[in-house]
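Please walk through this model from its ligand shell to its core, and then to one of its sheets and a single helix residue.

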Amino acid sequence: MPKSLLVTGAAGFIGANFVHYWMQHHPEDKVVAYDALTYAGNRANLDPLRDNKNFSFIHADICDYDSVLQALREHSVDTVVHFAAESHVDRSITGPDAFIETNIVGTHTLLKAAREVWLSGGEAQPHRFHHVSTDEVYGSLSVDAPGFHEQQKYEPNSPYSASKAASDHLVRAYHHTYGLQVSTSNCSNNYGPYHFPEKLVPLCLTNILRGRALPVYGDGSNIRDWLYVEDHCRGIELVLEKGQVGETYNIGGNNEWNNLDIVHLLCDQLDARFAQDSSLAERFPDAPGSSGRSARDLIKFVEDRAGHDWRYAIDATRIMDELGYKPYESFETGLQRTLDWYLANEDWWRPLLPE
Ligand SMILES: NC(=O)c1ccc[n+]([C@@H]2O[C@H](COP(=O)([O-])OP(=O)(O)OC[C@H]3O[C@@H](n4cnc5c(N)ncnc54)[C@H](O)[C@@H]3O)[C@@H](O)[C@H]2O)c1
């Protein structure tokens, strides 16, 4: 039986990748993309689906209860996949209010509307509310501590992670209190196509291509666990299809890197591209590779950000053992695919950059 999905935050990085992934793998399902189109949302991310009769787009805020209710009813939605969020830690430090509003109040508005539509009239409709969250809710790890597991104590350190932690608790509470059929996934850092160029990987890629400095916080030793975005989407699909209601699954690929090593890898991969393909020097004359220099020359260490978590690492044993999850991409292959995409889609990223 085809599903009808409401995907919030569908014009953002992971949401857009998820919608493309889902429509490719489940072409019979209906997908309603729901997005307020903040600075991070880009309608063009969904342009390839314009003519797909099973796809529709709603430009609205998740904090708007009436719009959410109408969307759920009009499209007979049976599955919500909730990505919409303010997602950039640096912005949460300078302006936390939007994070409280969207991540906490917005998530609660969705839960309230879902409860009204799915649970209020007599017999409950078959449904699922899947909440997409982050490993940052668990706080920071010391260098040799084991990775975060699902029973880990929540210790969020930034306004971003605190607001995501609050939303995770609300989702859990709507299951325990009202019987809403929920699931939650907490994922490590993603990278891949459609990633807004304020985040580390696309920022470095686009700065190298323009010959701009590559800012690295502190001494670059902070560690993150990285997953190619399509591998995240596949994990969410597994949780929706086989995961237990009311449960939480950590998604990751045992792929820890410190920030400086990532920047070095990106520089080296781009240098190699310039060495192989002379047309790149014509397209990107300011890139170091166009004059035979290394992109590593652009690295610039900058003052560390406030409260910068030292290390995140995901223990994905549960989703691997119980649901058979396995990421397909290594960091090297995933970055090559990412590079391919950014080189082929200059029209997408150029207008998003500040001059
Ligand atoms: N990017 C990562 O590495 C990562 C890792 C783990 C979990 N997550 C989680 O995945 C989700 C998506 O992250 P992302 O990186 O794609 O974020 P993003 O910032 O790229 O996209 C967020 C999207 O949500 C939309 N949005 C924001 N406020 C809204 C509102 N009030 N109403 C409706 N839409 C609104 C934006 O327009 C945008 O399209 C977030 O919940 C984030 O916490 C992200």
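The paragraphs below take these topics in turn.

The model is predicted. A ligand is the starting point, and 30 residues lie around the ligand. Those that come nearest are G9, G12, A40, G41 and A85. Two or more residues of this shell come from each of helix 1 (13-25), helix 4 (97-119), strand 5 (128-134) and strand 7 (189-191). Helix 1 gives the most, with 3 residues. By residue class, the shell around the ligand holds 14 nonpolar residues, 12 polar ones and 4 charged ones.

Next comes the nonpolar interior. In soluble globular proteins, nonpolar side chains tend to be buried together. Here the largest nonpolar core has 85 residues. Within this core, V7, V19, A114 and I208 have the most contacts. Which residues does V19 touch, leaving out those up to four places away in sequence? The partners of V19 are V7, A10, V31, A33, L46 and L49. V7 thus appears twice, as a contact of V19 and among the core residues with the most contacts.

Strand 7, already met in the shell around the ligand, also belongs to an open sheet of 3 strands. The order in this sheet is 7-9-11, and the pairing is mixed. Strand 7 and strand 11 (256-258) each have a single partner strand and stand at the edges, so one side of each has no neighbour in the sheet. On average, neighbouring strands here are turned by 50 degrees against each other, with direction ignored.

Strands of a sheet pair through backbone hydrogen bonds, in either the parallel or the antiparallel sense. For strand 7 and strand 9 (residues 223-228), the sense is parallel, over 3 bridges. N189 has W226 in strand 9 as its bridge partner. Helix 7 (residues 229-242) lies across strand 7 and strand 9. The angle between helix 7 and strand 9 is about 75 degrees.

The last stop is S163, a residue of helix 5 (residues 159-178). Is S163 buried or exposed? S163 has 25 C-beta neighbours inside 10 Å, and a residue counts as buried at 20 or more, so S163 is buried. Apart from neighbours within four places in sequence, S163 is in contact with F99, I100, N103 and I104. These four residue numbers fall within the range of helix 4 (97-119), which also gives residues to the shell around the ligand. How far apart are the C-alpha atoms of S163 and S278? They are separated by 47 Å, and the two residues are 115 residues apart along the chain.

Methods:
Residues numbered from 1 in each chain as written. Predicted model: local features only at pLDDT ≥ 70, side-chain atom pairs only at ≥ 80, totals over all residues. Near = placed C-beta within 6 Å. Nonpolar A, V, L, I, M, F, W, Y, C, P; charged D, E, K, R; others polar. Core = buried A, V, L, I, M, F, W, Y, C linked by C-beta atoms within 7 Å. Buried ≥ 20, exposed ≤ 12 C-beta atoms within 10 Å, placed from the backbone. Contact = placed C-beta atoms within 7 Å. Pairing = 2+ DSSP bridges. Axes fitted to C-alpha atoms, helices over the stretch in contact; angles between N-to-C directions.
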